[in-house]
Each structure stands twice: as structure tokens, then as C-alpha cells.
Amino acid sequence: MCKLAIVTKHDSTKLGAIILNVWKEMSTTERDGFGAAWVGPNGKIGYVKSSQPSFLPDLPTFCAAFSDGNGLKSDGGALIIHGRTATCGVNVGNTHPMMGGNCALVHNGVVSSKRFHNTESTCDSELLLHAWKADGIDAVAKDISGYYAFAIIQRVRGKTVLDIVRDDKAQLKVGKIDDGWAFATNPALLATLGSTYLSEYKPNTHTSFVDGEVYSVEEFIPAEADKRLEKAAHKAFGGSTVYSNYRDSTNWRSYEPARAKQEAMDLGWNAE
């Protein structure tokens, strides 16, 4: 299982230390690659990743090869960090973050899709990136099978959008940090981020942050759960297609974004 560590805001002067400390904690179980992504002062997404199992002694020098010249400079906003346990080839191309234009994605889980296909790597996580760029959470819910918790940073009209998604199978915890939130695969990683464990991140939930503030919270039905519901309805109604007909005839996945204040999110934990 891969590991995720995510914050909505961070101290830009400590970017390198934050990344290295998280990687160190992740390395107790992960061996197949490490990576991170953030937004630089110039508004471009910066990133660093390595498929080496050991830590680099000079992270700033290593970062010079990435990030469009951003190096280890950030705007202090969203930061996503990944430690990998490989399900396919161990190489830089398969190491997270998965990059695509103005997007950077980190993922824990195993996924597949009949609609989307790999073009840049052999890593299944790339399918999530294609789905998200095609139609956001709707494409993920409809066309991605398996299990997943993931985070994606995007730059949209001069703003930083951080989306965090968890289905009902993958693990993701929630903690509070100064002026923001922390999310991680386990409590130890939350502690490394300077946070304490509050609760589980609510299953089948998608949260969007814009420039560090909560913009919307929504629930969704993953493809796998959809199949379970259809199978149960088929059995209950003696082979009837009532559930399929209802699903296909209604705008069941549409939603009015639920705007929420940062101090009172409905995500399954006690926000204070």
C-alpha cells in the first residue's frame, strides 16, 4: 500500500524539511519511490520525485532538475507527498506525482478502467489523472474501478485547487494544522506533518479547496459500489431492471456544490 501525506497550507521556508521528514516516515514501509508536488511563487506546479530507495543527501540540488526552475520554493499553499509500494515497474515514470499539464496527482490504491488507458507510464494511477482531466469526479466515479484515495493539485485561473477523494475501501485520516487541514494514510504521518489525528476521512467523499479554503464537499457513488447496488436490486426485485432504469433516467450524479466553512465541514470528523 502506498502512503499519502497532504496539507492545505505549509511553511514555505521549511518545504525541504517537511518533504524529507515525511519521506523518512514513509520509508519504514515504502521502498519503490518518493515524490512531492506544490505550487511555486511563480504560480507553476513544482515537483520532485525519485525511484531510488534511499534518500538523497542534497535535496535542493536534486530538485534543480525538476519544477520548471522552481527548485524548493513554494507559495506556502497545498503540498502533496507520496511514498510508493510498486504494483508495476519501479522507475521515475511510474513514480508519483503523476504529472499532466497543470495537474499533479498522488494516489494510494489499485485501479483499472475500460475507458481510459496509459499513455505516459505503466502505472495504474495514470488512469485517475486521465479521468479527472476528462470530467472530474464524475468520470472517476463512473469509469474507474478498484479502490483509491488520491489528491490532485491544479492551477485554475490563477488559483490553486486541491481536490481530495476517498472511496469506501482506501484509507485516509484527517488532522488539523495551523490555518488548515492535514490528510494522511496513517496517524504517524499526520504527526510528522505537525498534526494530531481527528478522524477518518469520510468514505465516498470529494472535497475541493481553493487557495487553502474549503470550496465544496460532496459525496459520490464509486463504480464498484454502483455495481453492488445494482446486483442487490436485481436480486431483490427478481431480475427487474428497476435500479438500472432509475439510475439512467435521473441526474443522479449531479449535485449543487455544498459550500462549507473551514471550521464546520461535514466530513465525518469534529471540526473545531
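Contact here means heavy atoms within 4.5 Å. The model is predicted.

**A residue in β7**

A151 lies in strand β7. Discounting residues up to four places away in sequence, A151 touches I6, I80, A104, L105, V106, L162, D163 and I164. The C-alpha atoms of A151 and V106 are separated by 5.5 Å, although the two residues are 45 apart along the chain. Is A151 buried or exposed? A151 is buried because its relative accessible area is 0%, and buried means under 20%.

I80 is one of the partners of A151. With residues up to four places away in sequence again left out, I80 touches A5, I6, G35, A36, A37, A104, L105, V106, A151, I153 and L162.

**Nonpolar cores**

In soluble globular proteins, nonpolar side chains tend to be buried together. Two cores are listed below.

| Core | Number of residues | Residues named |
|---|---|---|
| Largest nonpolar core | 23 residues | I6, I80, L162, I164 and F183 (most contacts inside it) |
| Another core, apart from the largest | 21 residues | among them W132, I137, A139 and F150 |

Elements giving two or more residues to the largest core are β1 (3-7), β2 (34-39), β6 (103-112), β7 (145-156), β8 (159-166), β10 (180-184) and β13 (213-219). β7 gives the most to this core, with three residues.

**A pocket**

The second largest pocket has a volume of about 280 Å³. It is lined by 13 residues, and H10, D11, I18, L193 and G194 are the closest to its centre. Helix α1 (residues 15-26) supplies the largest share of the lining, three residues. By type, the lining of this pocket holds five nonpolar, four polar and four charged residues.

Definitions and conventions. Residues are numbered from 1 along each chain as its sequence is written. This is a predicted model: local features need pLDDT of at least 70, side-chain atom pairs count only at pLDDT 80 or more; totals for chains, interfaces and linings use all residues. Side-chain values use heavy atoms; hydrogens and water are left out. On a 1 Å grid over the protein atoms alone, a cavity is a set of points where a 1.4 Å probe fits but cannot get out, and a pocket is an open set with protein on both sides within 12 Å along at least five of seven lines; lining residues have an atom within 4 Å of a point. Grid points are joined across faces, edges and corners, and a volume is the space filled by probe spheres set on the points. Helices (H or I, at least four residues) and strands (E, at least two) are DSSP runs, numbered from the N terminus. Ala, Val, Leu, Ile, Met, Phe, Trp, Tyr, Cys and Pro count as nonpolar, Asp, Glu, Lys and Arg as charged, and the others, Gly among them, as polar. A nonpolar core is a set of buried Ala, Val, Leu, Ile, Met, Phe, Trp, Tyr and Cys residues joined through side-chain atoms within 4.5 Å. Buried means under 20% relative accessible area, exposed over 50%, partly exposed in between (1.4 Å probe, protein chains only).
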